[in-house]
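Subject: A structure for you to explore

Hi there,

Here is the structure I promised to pass on to you. Please open it next to this email and look up each residue as you read.

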Amino acid sequence: PSANPRTGEVEMRSAIRGSVIADTALTNIIPASRWIDSSAVLDKPPHRPFAVFRYGELQHVAKPGAFRLLRVWVHDEAGSYRQIEEVLRLLRANLERLSDKQSKILCIEWQSDGEDLSDPTYNTVFKVATFRIVTTT
């Protein structure tokens, strides 16, 4: 086990980001630089489309495991959700394949794709996909 529990967290986030940006089907729609961690989001959004990773709290389950929710917010120009829905389909396929021993990811389970939403601040439409990351502790 890692001496620092945050090390496992960094490795998990890195494995997920690495899997997504290595997927050319995804980066052909949303370039790697527009897959953003929630801590990096600024007042001015990047060019559209873009996606934001938001990690929920770590929750303990039966030993030796834990899970964390991951929500991915996919934004695009107002007008159509078609491209967003394609990104969510590709993202689901990508993350459901991911298992990474080094980052302790056992599997990632898709939970839901949220409703059609709009963001008047960014002048975008967006959807939120929710995944459950199952890890060893």
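A residue counts as buried when its relative accessible area is under 20%, as exposed when that area is over 50%, and as partly exposed in between. Please keep in mind that this is a predicted model.

Let's begin with the aromatic rings. How many aromatic pairs does the count come to? The count comes to three aromatic pairs, and I will walk you through two of them, starting with Trp35 and Phe53. These two rings form a tilted pair, with 5.8 Å from centre to centre and 35° between the planes. The pair links distant parts of the chain: Trp35 belongs to strand β1 (residues 35-37) and Phe53 to strand β2 (residues 50-60), 18 residues apart. Are these two residues buried or exposed? Both Trp35 and Phe53 are buried.

Another pair is made by Trp73 and Phe126. Here the rings are stacked, at 5.4 Å centre to centre with 25° between the planes. Distant parts of the chain are linked here too: Trp73 is in strand β3 (residues 65-77), Phe126 is in strand β6 (residues 124-136), and 53 residues separate them. Phe126 is buried because its relative accessibility is 7%, which is under 20%. Trp73 has a relative accessible area of 26%, so it is partly exposed.

Trp73 has a charged partner as well: the charged end of Arg54 sits over its ring, 5.1 Å from the centre. You can find a similar arrangement at Phe67, where Arg132 lies over the face of the ring, 4.7 Å from the ring centre.

Next, have a look at Thr124, which is also found in strand β6. Its relative accessibility is 2%, so Thr124 counts as buried. Which side chain does Thr124 join through a polar contact of 2.8 Å? The partner is His75. Leaving aside neighbours within four places in sequence, Thr124 is in contact with several residues, including Arg48, Phe50, Asp76 and Ser118.

Last comes Ser14, a residue of helix α1 (residues 5-21). Ser14 is partly exposed because its relative accessible area is 47%, which falls between the 20% and 50% cut-offs. Try finding Ser103 as well: Ser14 and Ser103 are 89 residues apart in sequence, yet their C-alpha atoms are 8.3 Å apart in space.

Enjoy exploring!

Best wishes

Notes:
Residues numbered from 1 in each chain as written. Predicted model: local features only at pLDDT ≥ 70, side-chain atom pairs only at ≥ 80, totals over all residues. Heavy atoms only, no water. Phe/Tyr/Trp six-rings, centres within 6.5 Å; stacked < 30°, edge-to-face > 60°. Helix = DSSP H or I, 4+ residues; strand = E, 2+ residues; numbered from the N terminus. Buried < 20%, exposed > 50% of the residue type's maximum accessible area, 1.4 Å probe, protein only. Lys NZ or Arg CZ within 6 Å of the ring centre and 35° of its normal. Polar contact = N/O pair within 3.5 Å; in protein donor to acceptor, adjacent residues only side chain to side chain. Contact = heavy atoms within 4.5 Å.
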